Number of protein chains: 2
Amino acid sequence: MKLTSKGRYAVMALVDMARFDNINPVSLRDISLRQGISLDYLEQIFSKLRKKEIVQSVRGTQGGYVLNKKAREIKLTNIFDAVDEKVKTVQCKKESKKGCNGKATKCLTHNLWDELENHINNFFDQKSLEDLVKDNSERRI
Amino acid sequence: MKLTSKGRYAVMALVDMARFDNINPVSLRDISLRQGISLDYLEQIFSKLRKKEIVQSVRGTQGGYVLNKKAREIKLTNIFDAVDEKVKTVQCKKESKKGCNGKATKCLTHNLWDELENHINNFFDQKSLEDLVKDNSERRI
DNA sequence: TAGATACTTGACTATTTTAGTCAGGTTTAT
DNA sequence: ATAAACCTGACTAAAATAGTCAAGTATCTA
Ligand code: FES
Ligand code: FES
C-alpha cells in the first residue's frame, strides 16, 4: 500500500501555497523550485485542482494560483479527490452484488477491507490544510 | 493508495484456513478453489508465510498447511510483514537525514505522511485472525 | 513400490500503473 | 512586443503487479 507521488505533491504544493497571504498568486515555477517538483507535472496536478475549485488561476505575467477557499475548509479528502488519488482496498466493485471471486457473495475479507478504507478516509476527512500549515510552523520554533 | 492482491490474498487464505480445526492440514488446492485464487500464486505467498513461521507445512498426500500460532496471536501486521506488503507513505528514506526533495531538511508534508503511516499501521496491529473469523461468522447468522 | 497428492523453488512475462516529458498553444502585465 | 505564466493533450520510460511456467522433492496409500 503506498501513497503515490501525485497525491503527495498535490498536498505538498498546496501547503506551500497556503503559507502565503492568499492574495498574491503563487506561480507554479516558484513551487517547483521550492519543493523540487517537476513544473510540467505540477501543471497537470493544478489543472485538476482548478477543475475541482480548490484553487483559482490568474493568467498572465505575475499570475499563478490562489486558494479558492479558506485553508480550514480544504480537507485532505478534497485534495485527494481532486487529483484522483483514491483509497482502494477492496477488489470487487462496491456497488456490485458480486464478490471479488466472481461469486454471488462478498469474500471472507470484504468487510475487513471496507473497515480499513473507512479508517484511512477518516484520517483524510479530519486533516485540513490549515492544520498542516500550523503543524509545520509550530515545529520550526 | 491501494492494497495489493498479494496482501489481500494472504489474509483471505489465512482466514479460510483459520475457520478449520487447525489439526488437519488445509491444501492450497482447496483454498484456491474456495477463494478463487491462482494456485501458483498461493504457493508463492505461502512460501513467505512459512518462512516467517505464520504457517507450517505438511508434505505429501493429505498434506497442506496449518497455522503455526493461535489465531488470536496472528495480527494483520504479521501477515503483511511476511508477504512484504508494506505501508509506504513517505518518499524519503526514513533513516536518512535528507528530505524527499534532496535537501537537508524533511519536506513540508513529511510529518503528515508519517502520522498517516502510523494511523494505518495501528489498524493492522489491532486486528487478529481470530477477530476476522469471528466477524465473519457473526455476520452469517 | 507405483502413483498420486501436495509442497518447493526459481525464473520468466504480460499487463497495468506511475511518474513523468514534450510540444504546442493562450492570456495578460509591463 | 515580449516575457511570464497558465493551459491542453498526447506521448513514453520505468517500475510494480499479478501472475504463469517448469522442474523438482516428500509422503501417503493402494
Ligand atoms: S473484496 Fe469485496 S468481495 Fe472480496
Ligand atoms: S516525505 Fe520525507 S521528506 Fe518528503
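Let's start with helix 1 of chain B, and who is buried in it. The buried residues are B:Gly7, B:Arg8, B:Tyr9, B:Ala10, B:Val11, B:Met12, B:Ala13, B:Leu14, B:Val15, B:Asp16, B:Met17 and B:Ala18. So that you know, this is a predicted model. The helix is mostly covered, with 12 of its 14 residues buried.

Now a quick check on its length. Helix 1 of chain B runs over residues 5-18. At 1.5 Å a residue, its 14 residues should span 20 Å. The end C-alpha atoms are 19 Å apart, which agrees.

Next, DNA strand D. Which residues come nearest to DNA strand D? There are 26 residues around the strand, and the nearest are A:Arg50, A:Ser57, A:Tyr65, B:Ser38 and B:Arg59. Now look at the DNA side. Of the strand D atoms that come within 4 Å of the protein, 64% belong to sugar and phosphate.

Let's take three contacts. A:Tyr65 has a polar side-chain atom 2.6 Å from a phosphate oxygen of DNA strand D. B:Ser38 puts a polar side-chain atom 2.6 Å from a phosphate oxygen of the strand. For B:Arg59, the partner is a base oxygen of DNA strand D, 2.6 Å from a polar side-chain atom.

Which elements give two or more residues to the surface near DNA strand D? From chain A, they are helix 3 (39-51), strand 1 (55-58) and strand 2 (64-67). From chain B, they are helix 1 and helix 3 (39-51). So helix 1, our starting point, is back on the list.

Last, the make-up of that surface. Near DNA strand D, 6 residues are nonpolar, 13 are polar and 7 are charged.

Notes:
Residues are numbered from 1 along each chain as its sequence is written. Chains are lettered from A and ligands numbered from 1 in the order in which they are written. This is a predicted model: local features need pLDDT of at least 70, side-chain atom pairs count only at pLDDT 80 or more; totals for chains, interfaces and linings use all residues. Side-chain values use heavy atoms; hydrogens and water are left out. Helices (H or I, at least four residues) and strands (E, at least two) are DSSP runs, numbered from the N terminus. The expected span of a helix is 1.5 Å times one less than its number of residues. Buried means under 20% relative accessible area, exposed over 50%, partly exposed in between (1.4 Å probe, protein chains only). A residue is near a molecule or strand if one of its heavy atoms lies within 4 Å of it. A polar contact is a pair of N or O atoms within 3.5 Å; within protein, one must be able to donate a hydrogen and the other to accept it, and residues adjacent in sequence count only if both atoms are side-chain atoms. Ala, Val, Leu, Ile, Met, Phe, Trp, Tyr, Cys and Pro count as nonpolar, Asp, Glu, Lys and Arg as charged, and the others, Gly among them, as polar.
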